[in-house]
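Please open the structure in your viewer and keep the selection tool at hand. The stops below say what to select next and what is found there.

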Amino acid sequence: MQMVDERGWWVPAPPGSEEDLQQRLAMASPADTARGMFLRATLDAVRTLGDEEAVRRCQRASGEEKLVEFFTYPVSANLRMVFTAARLLEARSGGIAEALRQLGRGAAECFLSSTAGLALQLLAGGDANRMVGNMPSMYRASVSFGVRSVVWMGPTSCRLTMRREFMPASFQEGLLLGVLQKAKARGARVIGHQLSTLESDYDVSWVA
């Protein structure tokens, strides 16, 4: 459940904390799933530590013994793995938020190298506007939950809204930056706003 104060306002848990994880897990249902490629991307990020025990620790946290790229897994497994990985990467990343961003960038790279990701790039034709505009479709191809929409503020700026999205804002910032970098968008910036546990907005911009 989300934490609220006496005025009924949402009280954010520290990003990446155990409280943050538990709030997100409490809202997940068995129908909320993500592709195995995202869990594998997290393990690959942890593997850069050169510590196979850390990799095994993350996989144990997920509760999944085998990970197949295009199989679907409970988002709860993905959440447990990502939060465990972020804590393991925190020291070398300069903080939990940056660790989550790195994991998000890894998720973007993994998706964009998949069949669905390659199709998205083909449709976009290397155009950053098309790539960003197709982001809601990208999410629909890889997770079963949430609603995303893009509102354009200008030729190279937009606001991406995410509702019932389980991953923290910092993770999504990294993912979106990874997509923009793949589209060779110069001066890409993504600023996330966590509105409630499962609601967030992102101001996205780049240089024309």
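Begin by selecting leucine 176, which is buried, with a relative accessible area of 5% (buried means under 20% relative accessible area, exposed over 50%, and partly exposed in between, with a 1.4 Å probe and protein chains only). The model is a predicted one, in which local features need pLDDT of at least 70 and side-chain atom pairs count only at pLDDT 80 or more, while totals for chains, interfaces and linings use all residues. Residues are numbered from 1 along each chain as its sequence is written, and side-chain values use heavy atoms, with hydrogens and water left out.

Leucine 176 has its place in helix α9, where helices are DSSP runs of H or I with at least four residues, strands are runs of E with at least two, and both are numbered from the N terminus. Leaving aside neighbours within four places in sequence, leucine 176 is in contact (heavy atoms within 4.5 Å) with Met135, Tyr139, Leu160, Met162, Val190, Tyr202 and Val204.

Two of the names in that list, Met135 and Tyr139, lead to the next selection, helix α8 (residues 135-142), whose buried residues are Met135, Pro136, Met138, Tyr139 and Ser142. Looking down the axis of α8, you find these buried residues within an arc of 155°, so they line one face of the helix; the arc is that of the directions from the helix axis to the C-beta atoms.

Now select helix α5 (residues 96-112) together with helix α9 (residues 169-182), which pack at an angle of about 45° with their axes 6 Å apart. Here axes are lines fitted to C-alpha atoms, for helices over the stretch in contact, and angles run from 0 to 180 degrees between N-to-C directions. The two helices are therefore oblique to each other, given that angles under 35 degrees count as roughly parallel, over 145 as roughly antiparallel, 65 to 115 as roughly perpendicular and the rest as oblique.

Which loop residues should be selected last? One is arginine 164, in the loop between β4 (157-163) and α9, which has a positive phi of about 55° although it is not a glycine, and which counts as partly exposed at 33% relative accessibility. Another is lysine 184, in the loop between α9 and β5 (186-196), where phi is again positive, about 60°, in a residue that is not a glycine; lysine 184 is exposed, with a relative accessible area of 71%.
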